[in-house]
Amino acid sequence: MFYTCLQVICGTGFTFLMTTLGAAVVFCFRGAIGERMNRGFLGFASGVMMAAAVWSLLIPSIEQSGELGMPPWLPPAVGFTMGGVFLYLIDRTLPWFHADYKEKEAGTKLLVLAVTVHNIPEGMAVGLAFVLAGQYPKEPGYLAAAIGLALGIGIQNFPEGAAISLPVRQSGASPFRAFLTGCLSGIVEPLAGILVFLTASMAVPLMPWLLAFAAGAMIYVVADELIPQAQPDERSNVGTIGVMAGFLIMMILDVALG
């Protein structure tokens, strides 16, 4: 039992570490980020989030729904809708929760919230994989699959960490605050992994719904905040190029790492 818990902590801790390393990219830029470069980074974040929503969240949600005997479209559709509604309600009520509300800051806060929500089912998935490996110690395939999943999600988390810290820096935060925000968006993964370890039997039926919920939240932020800021006019297509690059990189990582 203790050994399994240690594996869960190490696996989800690695994914959190990769988010932290990605967030540290913000220290590579001195002073404020130029407007053109900022559009590229916002586009890149949009592409990363769209690809992650499809390959890391919606497709696994569809597959797991079928495995659990539910209509493969039902949990993804309901979860996706609820994720979008959740972010819409947060977006509508945000001014009343923040006295220093500014439109740009609100968009950044939604971005951080969406990625944080997205990291919860990822942490649960890694934790559940190591729990299964602990339940079948004589089957090395389970442990190999758990390690592979942790490595895959960890590598994917690197661009996600940058996709958080760079827009936060551009919104006016200091480099350290932007870095810390990126780190905090990933700390939920070890917490979610430990929660699954403690309640494994209850977590499994919820996974398809949670995965789709996170996808809906991410797509809402991309459509409502990131892409409009990345491409505010028709004079430059740097935001569009960023979207394409981010989507391509994240798609390759998701497919290549399984």
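Guide: Before we look at single residues, one convention is needed: a residue is called buried under 20% relative accessible area, exposed over 50%, and partly exposed in between. Please also keep in mind that the model above is predicted.

Visitor: With those limits in hand, is valine 204 buried, partly exposed or exposed?

Guide: Valine 204 has a relative accessible area of 31%, which falls between the two limits, and therefore counts as partly exposed. This residue lies in the loop between helix 8 and helix 9, and, once its neighbours within four places in sequence are left aside, its contacts are with Leu68 and Leu128. Valine 204 and leucine 128 are 76 residues apart in sequence, yet their C-alpha atoms are 8.0 Å apart in space.

Visitor: What is the relative accessible area of alanine 203, and how should I read that value?

Guide: Alanine 203 has a relative accessible area of 5%, which is under 20%, so alanine 203 is buried. Alanine 203 belongs to helix 8, which covers residues 200–203, and beyond its neighbours within four places in sequence it is in contact with Met124 and Val196. Between the C-alpha atoms of alanine 203 and leucine 128 there are 8.3 Å, with 75 residues separating the two along the chain.

Visitor: Where is glutamine 7 found, and is glutamine 7 buried or exposed?

Guide: Glutamine 7 sits in helix 1, residues 2–23, and its relative accessible area of 13% places it among the buried residues. Apart from neighbours within four places in sequence, glutamine 7 is in contact with Phe130 and Leu143.

Visitor: How many helices and strands does the chain have, and what radius of gyration does the chain have?

Guide: There are 10 helices and zero strands. A compact globule of 258 residues would have a radius of gyration near 18 Å, and the chain agrees with this, because its own value is 18 Å. Taken along the principal axes, the C-alpha atoms fill a box of roughly 60 × 35 × 35 Å. Of the 258 residues, 48% count as buried, and among contacts between residues at least 6 apart in sequence, 84% join residues at least 24 apart.

Visitor: Which residues have the most contacts inside the largest nonpolar core?

Guide: Within that core of 45 residues, the ones with the most contacts are Met49, Leu111, Val221 and Leu226. Several helices supply at least two residues each, among them helix 2 (35–67), helix 4 (103–135) and helix 5 (140–170), while helix 9 gives the most, with 11 residues. Taking methionine 49 as the example, and leaving aside its neighbours within four places in sequence, we find it in contact with Leu111, Ala114, Val115, Met218, Val221, Val222 and Leu226. There is also a second, separate core of 11 residues, which includes Cys5, Val8, Val126 and Ala200.

Visitor: How are two packed helices described?

Guide: One uses the angle between their axes together with the distance between the axes. Here, the axes of helix 6 (residues 175–186) and helix 7 (residues 188–198) come within 5 Å and cross at roughly 15 degrees. Since angles under 35 degrees count as roughly parallel, helix 6 and helix 7 are therefore roughly parallel to each other. At their contact, Leu184, Ser185 and Gly186 of helix 6 meet Val188, Glu189 and Pro190 of helix 7, which by class gives three nonpolar, two polar and one charged residues.

Terms used
Residues numbered from 1 in each chain as written. Predicted model: local features only at pLDDT ≥ 70, side-chain atom pairs only at ≥ 80, totals over all residues. Heavy atoms only, no water. Axes fitted to C-alpha atoms, helices over the stretch in contact; angles between N-to-C directions. Helix = DSSP H or I, 4+ residues; strand = E, 2+ residues; numbered from the N terminus. Parallel < 35°, antiparallel > 145°, perpendicular 65-115°, else oblique. Contact = heavy atoms within 4.5 Å. Nonpolar A, V, L, I, M, F, W, Y, C, P; charged D, E, K, R; others polar. Core = buried A, V, L, I, M, F, W, Y, C linked by side-chain atoms within 4.5 Å. Buried < 20%, exposed > 50% of the residue type's maximum accessible area, 1.4 Å probe, protein only. Rg over C-alpha atoms; globule rule 2.2 N^0.38 Å.
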